[in-house]
Amino acid sequence: MTTLVLLAVLTVAHGGSPSIGGGGNVTSFMVGNAACSTTANFVISFSSTWTSERHPVEYPSSAHFSPPVAASHNSSYSMWANNALASNGIKVVAEVGATSTILSELQSLNPDCSFAASSSSIELQIDESCSLLSFITMIAPSPDWFTGFYNLELCHEGQWVDSMTVETQPWDAGTDCGVTFTSPNCVESPALSIHEILPNNTRSLFVHNGEILPVGTVTVSRMFTNAPTSTNAPTSAPTATASVGGGSIVAQTVGTDACTTPAQYTISFDDTWTAARHPVDYPSGSAHFSPPVATSHGSSYSMWASGSLASPGVRSVAETGATGTIMSELRTSNPQCSFASSSPSSTITVTANDSCRQLSYITMIAPSPDWFTGFYNLNLCVDGKWVDSATIEAQPWDSGTDCGVTYRSPNCVENPPQAIFEITSANNPRGLFVLNGGVLPVARFTVSKPSSSGSGNDDDGGSLSTGEAVGVGLAVVFAAAMAGVVGCWCIRKRSLKGAKPMNTSVSEP
């Protein structure tokens with residue numbers, strides 16, 4: 001009852017609920033006190049409410065949803081809408097559940113805003129110029145049916161929404177004329193406009209007691225990464241927390257050093273991928289990780305992210321463990337920040353500064369087709385202070401570039417490539433990494449700032465020469481020490497995937 005009263009007060013105080021273009025209904029919301037002039041991080045989670053009890057007519061035993069796509073945007077872009085014709089990307093999502101086409105559309109038509117696809121929750125960084133949110137996921141099996149919403153307002157009367165729940169209805173993309181869940185392909189020519197599936201549909205699909213109940217619930221939550229801390233609060237227990245993708249922060253300490261001074265960080269890696277924790281087909285005797293790569297960076301650079309297409313460098317790491325391509329990408333796309341590679345048993349050291357406040361990391365899970373672990377966009381600066389330490393537990397991820405389904409599958413090019421996605425118990429048919437219905441983390445990372453960092457002893461505060469020195473210096477030292485090991489590792493990985501032998505030279509800078 002307390003919650004209901006609070007929501008009622010907030011609704012009145014803010015002059016009504018946030019608007020939604022369509023697709024579903026906002027059933028609860030809470031508006032916070034963070035101004036939309038500040039950047040906000042949101043987590044979007046989807047829960048299925050499509051069940052045989054709620055939607056009994058011809059309910060398919062294989063009922064599921066495709067990996068959802070969420071995009072922030074402004075009024076100049078429309079992902080989908082009632083009575084609009086489906087784009088090619090919407091058609092592909094609605095008919096087969098694939099996301100690469102719509103992600104390409106977003107990269108072309110909505111490049112200044114954030115978007116992603118994922119089989120789990122989606123994280124987006126959103127600013128005032130991209131304050132609308134749209135969402136889509138295929139209802140499967142079906143001819144071209146989907147659910148989601150469009151043009152949801154995240155900025156309400158100048159303040160970011162803290163949380164919101166949207167219940168979504170079933171929709172028809174208008175591109176396939178099938179009328180049952182398992183109808184054969186039937187091209188709708190000419191295509192019809194997108195329309196909601198109503199109780200008067202010819203076979204009464206989704207109908208129960210004369211109405212169609214929502215088939216999904218989407219929860220949108222703002223991550224409190226910029227909440228102010230009390231001046232009397234101890235630095236070891238801040239109210240603000242760092243944010244990260246790819247895993248979860250399980251411990252964190254924020255220090256007192258201002259982010260205006262450079263800070264040096266070490267990243268150590270602990271392997272938690274074991275036969276006891278991940279028993280299905282565990283590759284005993286050959287399970288290992290490739291030499292990892294870590295980089296500091298600003299918000300304009302992304303090493304990898306859930307729902308994004310893998311770069312050639314990320315693909316090379318995920319498929320073969322080689323780091324030469326991604327190091328070249330970093331020198332080209334992230335030259336002002338610090339980056340390095342090392343062996344899994346060694347720590348990596350990078351420098352963060354006021355323009356390079358985020359940290360990303362990647363290492364291949366081997367043997368595998370294109371699987372990896374790591375994290376992305378770890379926020380090292382919280383409330384203007386550097387994080388002193390953070391512990392991250394990371395999940396297994398698929399780069400979407402190889403269609404193999406076992407640790408030792410032969411090479412199988414994914415064409416077209418899929419977006420990067422987390423490997424979960426729901427999306428891998430062999431149950432790899434699964435224990436007791438869930439997937440435990442495969443790695444633990446400890447990010448630490450030595451007490452001497454932040455003193456300004458980096459001459460140029462992480463400029464081009466510093467980034468090159470750290471990245472190239474560590475890579476050369478590692479290459480000299482590990483050339484034989486890395487060379488042998490690469491050959492073994494290639495042979496497991498049935499590829500031709502590769503050059504054994506270490507291709508680090």
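This is a short exchange on the two largest pockets of a predicted model.

Student: What makes Gln125 a residue that lines the largest pocket?

Tutor: A lining residue has an atom within 4 Å of a point of the pocket. Gln125 is one of the 49 residues that line the largest pocket. Therefore Gln125 has an atom within 4 Å of a point there. Gln125 is also among the closest to the centre, with Ser299, Tyr301, Gln358 and Asn377.

Student: How much space lies in the largest pocket?

Tutor: About 1400 Å³. The second largest pocket has about 950 Å³.

Student: Why is 122-126 called a strand?

Tutor: A strand is a DSSP run of E with at least two residues. Strand 6 spans 122-126, so it is such a run. Strand 6 gives the most to the lining of the largest pocket: four residues. Helix 5 (324-333) and strand 23 (371-379) are among the others that each supply at least two.

Student: What makes Pro67 count as nonpolar, and Ser119 as polar?

Tutor: Pro is in the nonpolar list. Ser is in neither the nonpolar nor the charged list, so it counts as polar. Pro67 and Ser119 are among the residues closest to the centre of the second largest pocket. Its lining divides into 22 nonpolar, 15 polar and four charged residues. For the largest pocket, the classes are 19 nonpolar, 23 polar and seven charged.

Student: Which strand gives the most to the lining of the second largest pocket?

Tutor: Strand 7, with three residues. Strand 2 (40-48) and strand 3 (64-65) each supply at least two.

Methods. Residues are numbered from 1 along each chain as its sequence is written. This is a predicted model: local features need pLDDT of at least 70, side-chain atom pairs count only at pLDDT 80 or more; totals for chains, interfaces and linings use all residues. Side-chain values use heavy atoms; hydrogens and water are left out. On a 1 Å grid over the protein atoms alone, a cavity is a set of points where a 1.4 Å probe fits but cannot get out, and a pocket is an open set with protein on both sides within 12 Å along at least five of seven lines; lining residues have an atom within 4 Å of a point. Grid points are joined across faces, edges and corners, and a volume is the space filled by probe spheres set on the points.
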